[in-house]
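Reader: Could you take me through one part of this model up close? I'd like to see how the strands sit together, and then how the two chains meet.

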Amino acid sequence: MMAIGLVKSESYVMYRIVEARNVGLNIKQFVVEAPRIARKQRPGQFLILRLHEKGERIPLTIKCSDPDAGTVTIVVQAIGKTTSLLSCLEAGDSILDIVGPLGQPSEIESYGTCVILAGSVGTAMALPTANALKRAGNHVIFIEGARNTDLVVFEDEVRQASTETYFMTDDGSYGEHGLVTKKLKDLLDAGLRIDFVLAVGPVPMMRAVAQITTALGIKTKVSLNSIMIDGTGMCGGCRVLLGNQSKFACVDGPEFDASLVNFEVLMQRNAMYRDKECQSLRQFEEHKQGELAQLRADLASQDAHHA
Amino acid sequence: MHDSNPLPLKDRMKIARMPMPELDPEVRSRNFQEVTLGLKQSAALTEATRCIACAKPSCVIDCPVGVKIKDVVALIYAGDFLAAAAKLREDNALPAITGRVCPQENQCEGGCVLGKKGAPVAIGNLERFVADFESESGLLGLPAIAPPTGKSVAIIGSGPTGLSAAGDLVQKGHRVRVFEALHELGGVLIYGIPEFRLPKSIVKTEVDNLRRMGVEFETNVVAGKSVTIDELMQSECYDAVFVATGAGLPRFLGVPGEHLNGVYSANEFLTRVNLMRAYNATDYDAPVYDCHDRDVIVVGGGNTAMDAVRTARRLGARTATLVYRRSETEMPARREEIEHARQEGVKFRMLTNPIEFVGDSKGWLIAARCMKMELGEPDPGGRRSPIEIEGSAYLLPANVAIIGVGTTANPLVQSSTPDLKTTSHNYIVADPITTRTSKRGVFAGGDIVTGGATVILAMGAGRKAALSIHDYLTTGVWESEVCS
């Protein structure tokens, strides 16, 4: 092998984690150096990251960014191998690859009364849009739902981003007892006139919201989390069915008109690799410390190579 | 160059074309090792002896980048392989790649006089021999680099067009930085063309050669999203931008059932296997649908479809079938790929077109409903157009269906650059000679202008752009009139 003679001006970007903290049960927030993304990020957009040379690419929410500091804030729930490995990282660690911001930004208009429904970690995706809608003069009602109190996240920020705030838990351990759709129905039953709805969360939750609001003709957007690779429209793996039209969540979305979304197809496609994902997670759980040590060693050698 | 071969022409023409050694089809259809093994030195010398050194060599005329093939072959004949490599690199920044993936039968070898009565000189195999010899020798003959001009060029996309332009521009003394959306450099050479046809190590070596010549690279930058063209020119002070983003978006058939699990675009299937290395599932995390003991069909007749079907075969598919709506004669794929696929046990179902994908109750693909086709009158392009035979529908069992019927323009750069003129199909409008777009300082070439083509045509576009960009950077003159 010939040695690679890198020139001085070769760009080598390390995406360093400057802050990491747990914000809920298995939910972690990271502030990461990614200057290009920080400069361009708009509410509703996402990024894709890869942790190591053999890692997969996964899309993640951007909660906010600081263009001056050149950092973006991302939130991750440990559910699969990659998210679990990422959740082991701390301040001072680095992420191998981050690309973004991807997708179309949320449409921010003066709608009137907006209801934002977010399921636990989906709150991170909904927060910047809620903030922007509030700044645009809307009356913003934020309904955050979670299975239980340990999964309720960003309470203070949610209150700041809204004019009216509700917390719902499946078991009643925090806020009110019930699903976010219960609160939505209560508000509608009380005669509230809603001009715009955004739902971000698990697919069954978004589908349930859409069933209620689109029947009433309320403009409703959902932020879709289909399986992605490149995030630039090149592979088409993230395609979703809107009416009888195919759209790519990565470039046409991630937000779509809920009245057109075929949620069954989305759920079916999201289950495509479930067996492999479970197997991969089990293997990771068994070798967690080893994988983490390997990841850190790989990143350190990359760093040394480019120093 | 003087023809130093003393052998009379008629004797040269009696020498048989040296065969390319290949892995046994039985063995290779179960692994991802490179199929062709490369000519041995003695075979290359013999092959070079066959060239009759035409006064007007059609091989050079037919090469999209104008490689001085006659001179290269003469240097091989003389045994000076490094000089041959340097001669190649004058016109071709990526010889180890084109030697492997060019459709030589339609280009350099297509017009070879020897081919009229026998087999043409194996120019592609010789090219690869020289490039591999050079790389193994470690004695890379880098071309001379002109003193710095103080000008800088941003190239968007690290595929064959971008890399080729980068190589030419850096030689002229310009600062060149290539932006890539993915985490790995090479574009389609990495995510599209499989390991068994173009090993990743070859692409990496060629990229490293450009690095050594001074080209800068930045990965994870999606032009139009991470940075716009205007920002590159204003905030980042590039004097010129070359858009070489490739064709991009996969085309689907638009038939019912295309959202079933198991239906892929060829881009996705190949990206999972190539870029994300899903063929090595024990080491790599990104999954691909398990083709093992399943029935896989691939729809299309081009090189991408051929790459996908041969990949499926290697992933252990019980049947790997190519479904094409025309007949084999009309297939745009390289002949060599078709031959290789057949040897590896790929089945060909010609004059067949899927009209629906059929799934089970959980949304997994189980079959494709296909129509038999017949060929009608030639279309404006001269190819006979396929017509459905009424009442011929039948079910073809399939657990995986891969759609490889071409691509459309990726709109990310265009939509973020309002003053960049595009066609009705959203390809960028650029002058065919100068590659200038409607926007001052911005050039475009390759698939994003012409639509899907071959690696060598993409490289040709990169070379043309480099000439034109150099001209613009030197003179500062911009003729704004772009024909549309």
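Author: Start with A:F46, which stands opposite A:T61 in β4(A). Keep in mind that this is a predicted model. That pair belongs to a bigger arrangement: strand β3 (residues 46-50) of chain A and strand β4 (residues 58-66) of chain A pair in the antiparallel sense, with four bridges. On to the next neighbour: β4(A) is also joined by four bridges to strand β5 (residues 71-77) of chain A, and these two run antiparallel as well. Here A:I62 has A:I74 in β5(A) as its bridge partner. Four residues lie between the strands in the hairpin of β4(A) and β5(A), where A:G70 takes a positive phi near 70°.

Now for the place where the chains meet. Chain B brings 58 residues to the contact and chain A brings 53 residues. Between them they bury about 4,600 Å², with 54% of it on carbon and sulfur atoms. Of the area that chain B buries against chain A, 18% comes from B:K225, B:H259 and B:D285, more than from any other three residues. B:D285 turns up again in a salt bridge with A:K81, where the closest N and O atoms are 2.8 Å apart. The interface of chain B and chain A has four salt bridges, and 25 residue pairs are in polar contact between the chains. On the side of chain B that touches chain A, the largest share comes from α12(B), with five residues. That side of chain B divides into 23 nonpolar, 18 polar and 17 charged residues.

Notes
Residues are numbered from 1 along each chain as its sequence is written. Chains are lettered from A and ligands numbered from 1 in the order in which they are written. This is a predicted model: local features need pLDDT of at least 70, side-chain atom pairs count only at pLDDT 80 or more; totals for chains, interfaces and linings use all residues. Side-chain values use heavy atoms; hydrogens and water are left out. Contact means heavy atoms within 4.5 Å. Buried area is the accessible area (1.4 Å probe) that two parts lose on being put together, summed over both. A salt bridge is a side-chain nitrogen of Lys or Arg within 4 Å of a carboxyl oxygen of Asp or Glu. A polar contact is a pair of N or O atoms within 3.5 Å; within protein, one must be able to donate a hydrogen and the other to accept it, and residues adjacent in sequence count only if both atoms are side-chain atoms. Ala, Val, Leu, Ile, Met, Phe, Trp, Tyr, Cys and Pro count as nonpolar, Asp, Glu, Lys and Arg as charged, and the others, Gly among them, as polar. Two strands pair if DSSP finds at least two bridges between them.
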